[in-house]
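Here are my notes on the enclosed model, in the order I would read them. They deal with enclosed space, open space and one helix.

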Amino acid sequence: MKVLLINGSPHEKGCTYTALCEVAGQLQKQGIETELLHIGSGDVRGCAACGGCAQSGHCVFNDDRVNEAIDKLSQADGLVIGAPVHYASPAGAMLSFLDRMFFAGSKNFAHKPGACVTSARRAGTTASLDVLSKYLTISQMPLVSAHYWPMVHGGSPEEVRQDAEGMQVMRRLGDNMAWLLRCIEAGREKGIEPQCPEQRVFTNFVR
């Protein structure tokens, strides 16, 4: 089993990375393979609503790591997305990244456990978690939780490591992700699979 962790911070090895590494380390202790993908610090395009991904399952823009993430998650069993707080919301590049990744590739993500992690110096974490979790739930991904909201606080990796409660939450998140992955694997061995969905219905409120 494998879990993909996506670091949505412009800093490759900053506070968000520190939190994600704590989750990854706990998953590895449980025998789960992990891979950490950094979205980078370059430009990330927003979705152009062109519809070009409808047939291919990939974004028409191929100048960042969105399509790479789609392919990696299609082969992974679980996902953890992490982002820093910018102006009381997840970093803008991460939102553009997730808009395109989930719109283009989410048909391959359904029923894979997912989790969200945020980091901040002080505030905005719960609002950011709310934004991030919606990407998972609209894609039919079971949302993995811990014993507190999955957030860490600090202005540097060193300060984040001093957030004892936050780091413990990251470890609990890793443990719960590993447990759910094993439950899904055990269910498959017993022939338990997700039900075939109905054809999707779209209702417009303006008539």
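**Notes on cavity, pocket and helix 3**

1. The model is predicted. In the lining of its largest cavity, helix 4 (residues 92-105) is the element that gives the most, with 3 residues.

2. A search of the whole structure for cavities of 30 Å³ or more finds 1. The volume of the largest cavity is about 110 Å³. It is lined by 13 residues, and Cys47, Ala48, Cys50, Cys53 and Cys59 are the closest to its centre.

3. The class make-up of this cavity lining is 10 nonpolar, 2 polar and 1 charged residues.

4. The largest pocket has a volume of about 580 Å³. Its lining has 17 residues; nearest the centre lie Phe102, Phe103, Ser106, Lys107 and Arg200.

5. Which element gives the most to the lining of the largest pocket? Helix 4 does, with 3 residues. Helix 2 (53-56) and helix 4 each supply at least two residues of that lining. By class, the pocket lining divides into 8 nonpolar, 6 polar and 3 charged residues.

6. Helix 3 (residues 66-75) has these buried residues: Val66, Asn67, Ala69, Ile70 and Leu73. They lie on the same side of helix 3, because the arc they cover around the axis is only 155°.

7. What covers the buried residues of helix 3 includes three strands, namely strand 1 (2-7), strand 2 (33-38) and strand 3 (78-86), together with helix 4. Helix 4 thus recurs in these notes: it is part of that cover, and it gives the most to the lining of the largest cavity and to the lining of the largest pocket.

Technical notes: Residues are numbered from 1 along each chain as its sequence is written. This is a predicted model: local features need pLDDT of at least 70, side-chain atom pairs count only at pLDDT 80 or more; totals for chains, interfaces and linings use all residues. Side-chain values use heavy atoms; hydrogens and water are left out. On a 1 Å grid over the protein atoms alone, a cavity is a set of points where a 1.4 Å probe fits but cannot get out, and a pocket is an open set with protein on both sides within 12 Å along at least five of seven lines; lining residues have an atom within 4 Å of a point. Grid points are joined across faces, edges and corners, and a volume is the space filled by probe spheres set on the points. Helices (H or I, at least four residues) and strands (E, at least two) are DSSP runs, numbered from the N terminus. Ala, Val, Leu, Ile, Met, Phe, Trp, Tyr, Cys and Pro count as nonpolar, Asp, Glu, Lys and Arg as charged, and the others, Gly among them, as polar. Buried means under 20% relative accessible area, exposed over 50%, partly exposed in between (1.4 Å probe, protein chains only). The arc is that of the directions from the helix axis to the C-beta atoms. Contact means heavy atoms within 4.5 Å.
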